[in-house]
Amino acid sequence: MAKGAVVAVGTAVVVCAAAAAAVGVAVVVSRRRKRRLDAEAGRRKKASDVIEEVEQAFATPTPLLRGIADAMVEEMERGLRADPHAPLKMLISYVDNLPTGDEHGLFYALDLGGTNFRVLRVQLGGKEKRVVQQYEEVAIPPHLMVGTSAELFDFIAAELERFVGTEGDDFHLPEGRHRELGFTFSFPVHQTSISSGTLIKWTKGFCINGTVGEDVVAELSMAMERQELDMKVTALVNDTVGTLAGGIYADNDVIAAVILGTGTNAAYVEHATAIPKWNGPLPKSGNMVINMEWGNFKSDKLPRSDYDIALDFESLNPGEQIYEKMISGMYLGEVVRRILLRLAHDASLFGDVVPPKLEQLFVLRTPDMSAMHHDTSHDLKHLGAKLKDILGVADTSLEARYITLHVCDKVAERGARLAAAGIYGILKKLGRDRVPSDGSPKQRTVVAIDGGLYEHYKKFRARVEATLADLLGEASSSVVVKMANDGSGIGAALLAASHSQYTVEE
């Protein structure tokens with residue numbers, strides 16, 4: 001064969017080989033691309049399945065909420081009968097004289113419920129000159145939280161004495177009278193009168209020897225005597241009862257108070273004749289404030305998901321505070337974290353590697369959840385920045401950010417709607433859930449709500465109010481929900497006034 005012919009054949013073979021190789025590469029690339037597309041489709045399908053499961057598990061249709069409200073009423077009645085198995089303790093507060101707005105005089109309050117306490121004074125001037133107030137917040141040194149009862153209360157009494165020493169010209173104590181104090185004590189107490197109660201247990205990081213089983217008012221009173229502070233405790237109150245008192249002072253139509261913050265609770269004004277476990281003489285007012293301790297409400301009707309059950313099982317108090325774990329600020333962010341963790345494991349939401357921080361319990365706090373939920377930017381850049389700061393994910397996809405937003409929405413919506421069902425249950429118990437059938441005028445009803453979750457999480461608050469209106473229907477026109485900023489502190493001072501040992505005159 002001629003040399004030129006050989007070269008031509010060789011070239012043809014090379015070209016054919018190259019072409020074959022190109023076809024082979026194209027086939028491989030096509031297969032890889034198909035695998036990637038299939039993998040991506042599979043990942044999205046898994047994410048879709050998890051989201052659909054969450055939407056079903058967290059659904060709160062109106063008929064379900066009505067059933068939960070009915071269950072709340074049943075448990076309220078069991079608690080008022082002193083049924084030992086009732087989850088709602090329905091504690092008698094011994095508060096039967098609520099503020100009217102006519103109170104006069106100088107009164108103090110001490111609010112002890114965590115690592116800080118507040119001291120507050122008010123000068124009440126009746127309806128014409130309502131209130132002048134001053135307060136200070138004091139941090140409790142960590143060693144006193146695990147020391148002795150005397151050390152803690154001596155420190156508090158010394159701060160009270162120092163605060164009393166700063167009374168200005170706006171505050172006047174009539175001659176011959178003791179200063180009177182309302183004591184808000186937000187730890188479990190077995191109350192025995194308006195001004196006495198024995199400590200059941202310390203919580204919130206306190207572990208103090210010698211106080212459990214003792215009267216906390218007596219402990220404080222002895223400390224004030226050691227400081228030679230002339231002051232008498234006239235009211236021992238729970239923070240929710242204090243919020244109710246503060247609410248009624250501002251608006252006489254308030255009938256209930258709800259705390260929606262890190263924790264949750266409710267108190268309301270009950271007819272004394274509707275309290276079978278009340279053994280004493282009926283109060284002159286005919287009413288008694290009940291501290292529900294509603295965070296411990298439980299019912300088969302509550303829509304508990306696998307995430308809720310796992311959270312409860314791994315908590316410090318499994319089987320307790322079931323309702324609180326579904327609606328309060330302590331837990332909403334943690335429920336979101338658990339759902340995101342499932343999405344990260346099952347659907348690689350944040351990439352092929354699960355962010356290590358996402359495995360940490362309570363790493364996602366409810367204020368961060370709220371900030372993400374309220375992101376209105378087109379690309380959810382603020383939400384993405386939060387995920388980077390909290391979870392250490394440097395670059396989240398737009399899809400991952402929108403899925404995170406949707407999860408926040410579902411968890412917040414469920415919590416808000418369940419909280420509204422509880423409020424509706426209280427109104428139903430009091431017969432304030434419907435329009436009078438006899439044609440009589442509608443009775444104005446006000447619910448005072450306090451707590452950082454309700455105050456700062458705007459979408460949560462809006463859903464509470466919209467759901468309550470939906471449940472009430474036509475009766476919603478006569479029901480008002482009011483924000484009660486810092487009601488518990490001033491409420492304690494007001495209860496000291498309404499239960500004063502003196503007949504207060506201007």
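Leaving aside neighbours within four places in sequence, with which residues is Leu120 in contact? In this predicted model, the residues in contact with Leu120 beyond that window are Phe107, Tyr108, Ala109, Gln133, Gln134, Tyr135, Phe163, Gly489, Ile490 and Ala493. Leu120 lies in strand 3, which covers residues 116-125. The relative accessibility of Leu120 is 2%, and Leu120 therefore counts as buried, the cut-off being under 20%. Asp170 stands 50 residues from Leu120 in sequence; the C-alpha to C-alpha separation of Leu120 and Asp170 is 14 Å.

Helix 8 comprises 16 residues, 332-347. From the first C-alpha of helix 8 to the last, the span is 22 Å, close to the expected 22 Å at 1.5 Å a residue. Helix 8 is mostly covered, with 13 of its 16 residues buried. The residue that follows helix 8 is Ser348, and the phi of Ser348 is positive, near 50°.

Cysteines were examined for disulfides, taken as pairs of sulfur atoms within 2.5 Å. The count by this rule is zero. Two cysteines may be described by their accessibility. Cys207 has a relative accessible area of 52% and is therefore classed as exposed, since that class begins over 50%. Cys408, in contrast, has a relative accessibility of 0%, so Cys408 counts as buried under the 20% limit.

Methods
Residues numbered from 1 in each chain as written. Predicted model: local features only at pLDDT ≥ 70, side-chain atom pairs only at ≥ 80, totals over all residues. Heavy atoms only, no water. Helix = DSSP H or I, 4+ residues; strand = E, 2+ residues; numbered from the N terminus. Expected span 1.5 Å × (residues − 1). Buried < 20%, exposed > 50% of the residue type's maximum accessible area, 1.4 Å probe, protein only. Contact = heavy atoms within 4.5 Å.
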